[in-house]
Amino acid sequence: MQKLVENGDILTYLEEFDIKVTDAICDQTDLLMENNKEYQIAVETGNLVEVGSIGNMLRENAKEIVYEDMVYV
């Protein structure tokens with residue numbers, strides 16, 4: 001980290017890290033959605049309220065998983 005600060009690369013590093021974390025959250029959310037029966041049923045029946053609610057819950061679950069593995073290390 002000190003080397004990044006000294007070279008003036010810390011901002012670039014943090015921006016790239018933010019992109020990697022965001023991409024990982026999206027990928028994990030997609031996996032959770034693919035494997036969640038309630039979400040799939042809501043999508044198939046066109047229940048947009050449930051799709052949104054379950055989707056938001058799954059995204060938060062994905063954040064927890066990704067943050068534990070990538071951020072809180």
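# Exercises on a helical model

Lys63 counts as partly exposed because its relative accessibility is 24%; buried means under 20% relative accessible area, exposed over 50%, and partly exposed in between (1.4 Å probe, protein chains only). The model is a predicted one, in which local features need pLDDT of at least 70 and side-chain atom pairs count only at pLDDT 80 or more, whereas totals for chains, interfaces and linings use all residues. Residues are numbered from 1 along each chain as its sequence is written, and side-chain values use heavy atoms, with hydrogens and water left out.

**Exercise 1.** Identify the salt-bridge partner of Lys63 and state where the pair lies.

*Solution.*
- Step 1. A salt bridge requires a side-chain nitrogen of Lys or Arg within 4 Å of a carboxyl oxygen of Asp or Glu. The side chain of Lys63 meets that of Glu60 at 3.3 Å, N to O.
- Step 2. Both residues belong to helix 4 and are 3 residues apart, about one turn of the helix. Helices (H or I, at least four residues) and strands (E, at least two) are DSSP runs, numbered from the N terminus.
- Step 3. Glu60 has 42% relative accessibility and therefore counts as partly exposed.
- Step 4. A search of the whole structure finds 1 salt bridge.

**Exercise 2.** Compare the expected span of helix 4 with the distance between its end C-alpha atoms, and do the corresponding check for helix 2.

*Solution.*
- Step 1. The expected span is 1.5 Å times one less than the number of residues.
- Step 2. Helix 4 (residues 48-71) has 24 residues and should span 34 Å; its end C-alpha atoms are 32 Å apart, which agrees.
- Step 3. For the 26 residues of helix 2, 38 Å is expected, and the reach from first to last C-alpha is close to this, at 37 Å.

**Exercise 3.** List the buried residues of helix 4 and of helix 2, and name elements that cover them.

*Solution.*
- Step 1. In helix 4 the buried residues are Val51, Ile54, Gly55, Leu58, Ala62 and Val66. Their cover includes helix 2 (10-35) and helix 3 (37-45).
- Step 2. In helix 2 they are Val21, Ile25, Thr29 and Met33, and helix 3 and helix 4 are among the elements covering them.
- Step 3. Thr29, at 5% relative accessibility, counts as buried. Leaving aside neighbours within four places in sequence, Thr29 is in contact (heavy atoms within 4.5 Å) with Leu58, Arg59 and Ala62.

**Exercise 4.** Describe the largest nonpolar core and the surroundings of Leu58.

*Solution.*
- Step 1. A nonpolar core is a set of buried Ala, Val, Leu, Ile, Met, Phe, Trp, Tyr and Cys residues joined through side-chain atoms within 4.5 Å.
- Step 2. The largest such core has 6 residues: Met33, Tyr39, Ala42, Val51, Ile54 and Leu58. Helix 3 and helix 4 each give two or more residues to this core, and helix 4 supplies the largest share, 3 residues.
- Step 3. In soluble globular proteins, nonpolar side chains tend to be buried together.
- Step 4. Not counting residues up to four places away in sequence, Leu58 touches Thr29, Leu32, Met33, Asn36 and Tyr39.
- Step 5. Asn36 lies in the loop between helix 2 and helix 3 and is buried, with a relative accessible area of 17%. Apart from neighbours within four places in sequence, Asn36 contacts Ile54 and Leu58.
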